[in-house]
Amino acid sequence: MMIRANLMDLYNEQAILDHFDTQSLLKNLLESKEVHAQVKKVKRSQELISEGESTDYVYYMTSGIASIKKGTNIFGFIGAGQFVGFDTLFLNESSTYTIRTRETCEVYVFDRLEVMEYLFSLQEGWIFFYLVEKEESQRLLKYQHFMRLKGVARLDAMLQDLADTFGTEEDVIVLPKCFSKQCIADYTNFSLNTLASLIKELRREGFLAPAIKDSFFCLSK
């Protein structure tokens, strides 16, 4: 705790964000002689981490999208540039959620013990844990905020957030086709019938554009 307090004196919040982000961690892991990474393509609908089970691996997403699910509820998504598996790194406890690929993903696969030993060897290793944990906490807080919204307001906010993160701009902002109606229903915690009614309302308002061949959800600019 004393070391952590001293480091907090050395690094302000902006310095931490500038020098200890996930890209820096990935670069350090790939350059370390003690850490051996493998590149792997993971097909759609495969579990990287399963709720209630421990894992021997840490993953880094280089492409694709995966969902974060607890029980029957999806409460977030992970895309390129994010680590998976840090929550159980220290004690190798059972995971509290499932990470499932929504489309074909490419990942770096790291041995959990090698990553842990590498981070323990760094004086500032705890900062990387802090940032990953902070990211996970922010994701959960955002989802809790969404769940306090009702009806159209909730669907509007959650689709806009997905568009900001995963959307591609054409004549409209297109969400990847892995965001199906069932996926969005699970994420927004609406039944399919309720979701269908809300989609019609958002289309009448002009927020949602007509679906195209490869995507059901298209947002007007």
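Visitor: What is the relative accessible area of Ala 157, and is this residue buried, partly exposed or exposed?
Guide: This is a predicted model, in which local features need pLDDT of at least 70 and side-chain atom pairs pLDDT 80 or more, while totals for chains, interfaces and linings use all residues. Residues are numbered from 1 along each chain as its sequence is written, and side-chain values use heavy atoms, without hydrogens or water. Buried means under 20% relative accessible area and exposed over 50%, with partly exposed in between (1.4 Å probe, protein chains only). Ala 157 is therefore partly exposed, at 22%.

Visitor: Where does Ala 157 sit, and which residues beyond four places away in sequence does it touch?
Guide: Ala 157 belongs to helix α6; helices (H or I, at least four residues) and strands (E, at least two) are DSSP runs, numbered from the N terminus. His 145 is twelve residues from Ala 157 in sequence, and their C-alpha atoms are 10.0 Å apart. Contact means heavy atoms within 4.5 Å, and setting aside residues up to four places away in sequence, Ala 157 touches Phe 146 and Leu 149.

Visitor: Leu 155 is also in α6; is Leu 155 buried or exposed?
Guide: Leu 155 does lie in helix α6. Beyond four places in sequence, Leu 155 touches Ile 184, Thr 188, Phe 190, Leu 195, Leu 198, Ile 199 and Leu 202. One of these, Leu 195, is 40 residues away in sequence, with 8.3 Å from C-alpha to C-alpha. With a relative accessible area of 0%, Leu 155 is buried.

Visitor: How do α6 and α8 cross: are they roughly parallel or roughly perpendicular?
Guide: Axes are lines fitted to C-alpha atoms, for helices over the stretch in contact, with angles from 0 to 180 degrees between N-to-C directions. The axes of α6 and α8 (residues 192-205) come within 10 Å and cross at roughly 75°. Angles under 35 degrees count as roughly parallel, over 145 as roughly antiparallel, 65 to 115 as roughly perpendicular and the rest as oblique. The two helices, α6 and α8, are therefore roughly perpendicular.

Visitor: Which residues of α8 meet α6?
Guide: From α6, the residues taking part are Gly 151, Val 152, Leu 155, Asp 156 and Leu 159. Their partners in α8 are Leu 195, Leu 198, Ile 199, Glu 201, Leu 202 and Glu 205.

Visitor: Which helix gives the most to the largest nonpolar core?
Guide: A nonpolar core is a set of buried Ala, Val, Leu, Ile, Met, Phe, Trp, Tyr and Cys residues joined through side-chain atoms within 4.5 Å. The largest one has 45 residues, and those with the most contacts inside it are Phe 77, Ile 99, Leu 155, Leu 159 and Phe 179. With seven residues, the helix that gives the most to this core is α6.

Visitor: Which residues does Phe 77 touch beyond four places in sequence?
Guide: Phe 77 is among the residues with the most contacts inside the largest core. Its partners, not counting residues up to four places away, include Ile 65, Ala 66, Ser 67, Ile 68, Gln 82 and Arg 139. The others are Leu 162, Phe 166, Phe 179, Cys 183 and Tyr 187.

Visitor: What is phi of Asn 189, and where does this residue lie?
Guide: Most residues other than glycine have a negative phi. Asn 189 is partly exposed, with a relative accessible area of 45%. Asn 189 lies in the loop between α7 (181-188) and α8, and its phi is positive, near 65°.

Visitor: Which residues beyond four places in sequence is Asn 73 in contact with?
Guide: Asn 73 is in strand β5 (residues 73-78) and counts as partly exposed at 31% relative accessibility. Ala 185 is 112 residues away along the chain, with the C-alpha atoms separated by 9.6 Å. Apart from neighbours within four places, Asn 73 is in contact with Ile 68 and Asn 189.

Visitor: Which residues does Glu 93 contact beyond its neighbours within four places?
Guide: Glu 93 is in the loop between β6 (83-84) and β7 (98-101), and is partly exposed at 44% relative accessible area. Gly 52 is 41 residues away in sequence and 8.7 Å away in space, C-alpha to C-alpha. Glu 93 is in contact with Glu 53, Ser 54 and Thr 88.

Visitor: How much of the chain is buried?
Guide: The chain has eight helices and twelve strands. Of its 221 residues, the buried ones make up 44%.
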